[in-house]
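Me: Got a minute to go through this one with me? I have a few quick things to ask.

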Amino acid sequence: FLAMNAAADLTLDGIALQGGNLATGLAGAIRNFSGNLTLISSSITGSSAESSGAIYHEFGVLTIIDSVLSGNTTLSTGVLTNAEGTLAIIDSTFSG
């Protein structure tokens, strides 16, 4: 589980996050509050949370490039939540 709670820049290139689980709360893999986060050639698989199975993003900029989000689950809101942030998804795959 990765949490960014500050206005910082972070690039994750070629990483695999698997099986994150947050039974109550936001995001099974990545929670980003006000940071600028870029995922490149990465995967998030098998993560789960009460809300936002893979990624919860609020404010800041989230860019997902050539990445895969697959098999992530949530009880509500979806696999990726973008709350008042900027989101760009480029050549990436999202699947059940």
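What follows is a short chat about the core, an aromatic pair, two loop residues and a surface patch.

Me: Before we start, what kind of model is this?
Reply: It is a predicted model.

Me: Okay, the core. How many residues are in the largest nonpolar one?
Reply: It has 13 residues. Those with the most contacts inside it are Ile-30, Leu-37, Leu-39, Ile-44, Ile-55, Leu-62 and Ile-64.

Me: Which elements give two or more residues to this core?
Reply: Strand S6 (36-40) and strand S10 (61-65).

Me: What does Ile-30 touch, not counting residues up to four places away?
Reply: Leu-2, Leu-12, Leu-17, Leu-37, Leu-39, Ile-44, Ala-54, Ile-55 and Tyr-56.

Me: Now aromatics. How many aromatic pairs in the whole structure?
Reply: The search finds 1. The partners are Phe-33 and Tyr-56, with ring centres 5.7 Å apart.

Me: Why is the pair called tilted?
Reply: Because the planes are at 55 degrees. Stacked needs under 30 degrees, and edge-to-face needs over 60.

Me: Where do the two rings sit in the chain?
Reply: Phe-33 is in strand S5 (residues 30-33) and Tyr-56 is in strand S9 (residues 55-58). They are 23 residues apart, so the pair links distant parts of the chain.

Me: Is Tyr-56 buried or exposed?
Reply: Buried, with a relative accessible area of 10%. Phe-33, at 24%, is partly exposed.

Me: Switching to loops. Where is Ser-42?
Reply: In the loop between S6 and strand S7 (43-45). Ser-42 counts as buried, at 6% relative accessibility.

Me: What is Ser-42 in contact with, leaving aside neighbours within four places?
Reply: Two stretches of names come up: Leu-12, Asp-13, Gly-14 and Ile-15, then Asp-66, Ser-67 and Val-68.

Me: And where does Ser-92 lie?
Reply: In the loop between strand S14 (86-90) and S15. Past its neighbours within four places, Ser-92 is in contact with Ile-64, Ile-65, Asp-66 and Ser-67.

Me: How far apart in space are Ser-92 and Leu-69?
Reply: 8.1 Å, C-alpha to C-alpha. In sequence they are 23 residues apart.

Me: Last topic, the surface. Which residues form the nonpolar patch?
Reply: Leu-87, Ile-89 and Phe-94. Together they have about 230 Å² of accessible area.

Me: Where is Phe-94, then?
Reply: In strand S15 (residues 93-95). Phe-94 counts as partly exposed, because its relative accessibility is 37%.

How values were computed:
Residues numbered from 1 in each chain as written. Predicted model: local features only at pLDDT ≥ 70, side-chain atom pairs only at ≥ 80, totals over all residues. Heavy atoms only, no water. Patch = residues over 30% accessible without salt bridge, like charges linked within 9 Å, V, L, I, M, F, W, Y side chains within 5 Å. Areas by Shrake-Rupley, 256 points an atom, 1.4 Å probe, with all protein chains shown as cover. Salt bridge = Lys/Arg side-chain N within 4 Å of Asp/Glu carboxyl O. Helix = DSSP H or I, 4+ residues; strand = E, 2+ residues; numbered from the N terminus. Buried < 20%, exposed > 50% of the residue type's maximum accessible area, 1.4 Å probe, protein only. Core = buried A, V, L, I, M, F, W, Y, C linked by side-chain atoms within 4.5 Å. Contact = heavy atoms within 4.5 Å. Phe/Tyr/Trp six-rings, centres within 6.5 Å; stacked < 30°, edge-to-face > 60°.
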